[in-house]
Amino acid sequence: KMFGMMEETEPTESDVGVFLSESSLKDWHLKMQAKMPDIFTADDKIFGKDAGQHPQGTKLMTFFDDDPKKPMRCEVMGSRWKLESPFMKLADNREPHYIVLINGELSQIALTSAHEESGWKVGWD
């Protein structure tokens, strides 16, 4: 098996209820601030205005293509690292993702997108 082939594994039941350590997330964020200071600015916080990761069961919502007629809802089930291509220039070639339940199926979203102004918002209407 070649390591260069990034094999994407879909989240499974074994990922539910498992969360990344806060220290590993903050360490990754510091590396990203060094690598991409224009995106991960000095005053940028990995959890934005939130105290930490969203706990299991947190309901998140966003709009597909910013279209109010296309709401997307999910529920946080855990978090894990997702390996990315070296071309993405991410710290340690990985990015933290929330494991989420969307329409009854496990999926994943970028953890940072759930803690920024324009991303997923807590709560469903």
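**Exercise 1.** Classify Asn 93, with its relative accessible area of 29%, as buried, partly exposed or exposed.

*Solution.* Asn 93 is partly exposed, where buried means under 20% relative accessible area, exposed over 50%, and partly exposed in between (1.4 Å probe, protein chains only). The structure is a predicted model, in which local features need pLDDT of at least 70 and side-chain atom pairs count only at pLDDT 80 or more, while totals for chains, interfaces and linings use all residues. Residues are numbered from 1 along each chain as its sequence is written, and side-chain values use heavy atoms, with hydrogens and water left out.

**Exercise 2.** Find where Asp 92 and Asn 93 lie, and give their phi angles.

*Solution.* Start with the location. Asp 92 is in the loop between β2 (71-83) and β3 (94-102); strands (E, at least two residues) and helices (H or I, at least four) are DSSP runs numbered from the N terminus. Asn 93 is found in the loop between β2 and β3.
Next, the backbone. Phi of Asp 92 is near 55 degrees, a positive value in a residue other than glycine. Asn 93, not a glycine either, has a positive phi of about 50 degrees.
Last, the accessibility of Asp 92 is 41%, so this residue counts as partly exposed.

**Exercise 3.** Describe the strand pairing of β1 (residues 59-63).

*Solution.* Take β2 as the first partner: β1 pairs with β2 in the antiparallel sense over 5 bridges, given that two strands pair if DSSP finds at least two bridges between them. Within this pairing, Lys 59 has Glu 75 in β2 as its bridge partner.
Then take strand β5 (residues 121-122). It runs antiparallel to β1 and is joined to it by 2 bridges. Here Met 61 stands opposite Lys 121.
One side chain of β1 can be followed further: Lys 59 lies over the face of Trp 124, at 5.1 Å from the ring centre. The criterion is NZ of Lys or CZ of Arg within 6 Å of the ring centre and within 35 degrees of the ring normal.

**Exercise 4.** How many salt bridges does the structure hold, and which parts of the chain do Arg 80 and Asp 15 tie together?

*Solution.* There are 6 salt bridges, each a side-chain nitrogen of Lys or Arg within 4 Å of a carboxyl oxygen of Asp or Glu.
The side chains of Arg 80 and Asp 15 form one of them, at 3.4 Å from N to O. Because Arg 80 lies in strand β2 and Asp 15 in the segment before α1 (22-35), the pair ties together parts that are 65 residues apart in sequence. Arg 80 is buried at 14% relative accessible area, and Asp 15 is buried at 15%.
Asp 27 and Lys 31 form another, with the closest N and O atoms 3.4 Å apart. Both residues lie in helix α1, 4 residues apart, about one turn of the helix. Asp 27 is partly exposed at 37%, as is Lys 31 at 34%.
A further salt bridge joins Lys 49 and Glu 117 (2.5 Å, N to O). This pair links distant parts of the chain, 68 residues apart: Lys 49 in the loop between α1 and β1, Glu 117 in the loop between β4 (105-110) and β5. Lys 49 is exposed at 74%, and Glu 117 is exposed at 59%.
Finally, salt bridges that share partners join Asp 27, Lys 31 and Asp 92 into one network.

**Exercise 5.** Work out the surroundings of Trp 28: the core and the ring pairs.

*Solution.* First, the core. Trp 28 is among the residues with the most contacts inside the largest nonpolar core, which has 20 residues. Such a core is a set of buried Ala, Val, Leu, Ile, Met, Phe, Trp, Tyr and Cys residues joined through side-chain atoms within 4.5 Å. Helix α1 and strands β2 and β3 are the elements that give two or more residues to this core. Trp 28 has a relative accessible area of 1% and is buried.

Second, the rings. The whole structure has 2 aromatic pairs. In the pair of Trp 28 and Phe 40 the centres are 5.8 Å apart and the planes at 90 degrees, so the pair is edge-to-face. Rings of Phe, Tyr and Trp (its six-membered ring) pair if their centres lie within 6.5 Å; planes under 30 degrees apart count as stacked, over 60 as edge-to-face and the rest as tilted. Both Trp 28 and Phe 40 are buried. Trp 28 also pairs with Trp 81, tilted, at 6.2 Å centre to centre and 55 degrees between the planes. Here helix α1 and strand β2 are linked, the two residues being 53 apart.

Third, the result. Ring pairs link Trp 28, Phe 40 and Trp 81 into a cluster, and Arg 94 lies over the face of Trp 81, at 3.8 Å from the ring centre.
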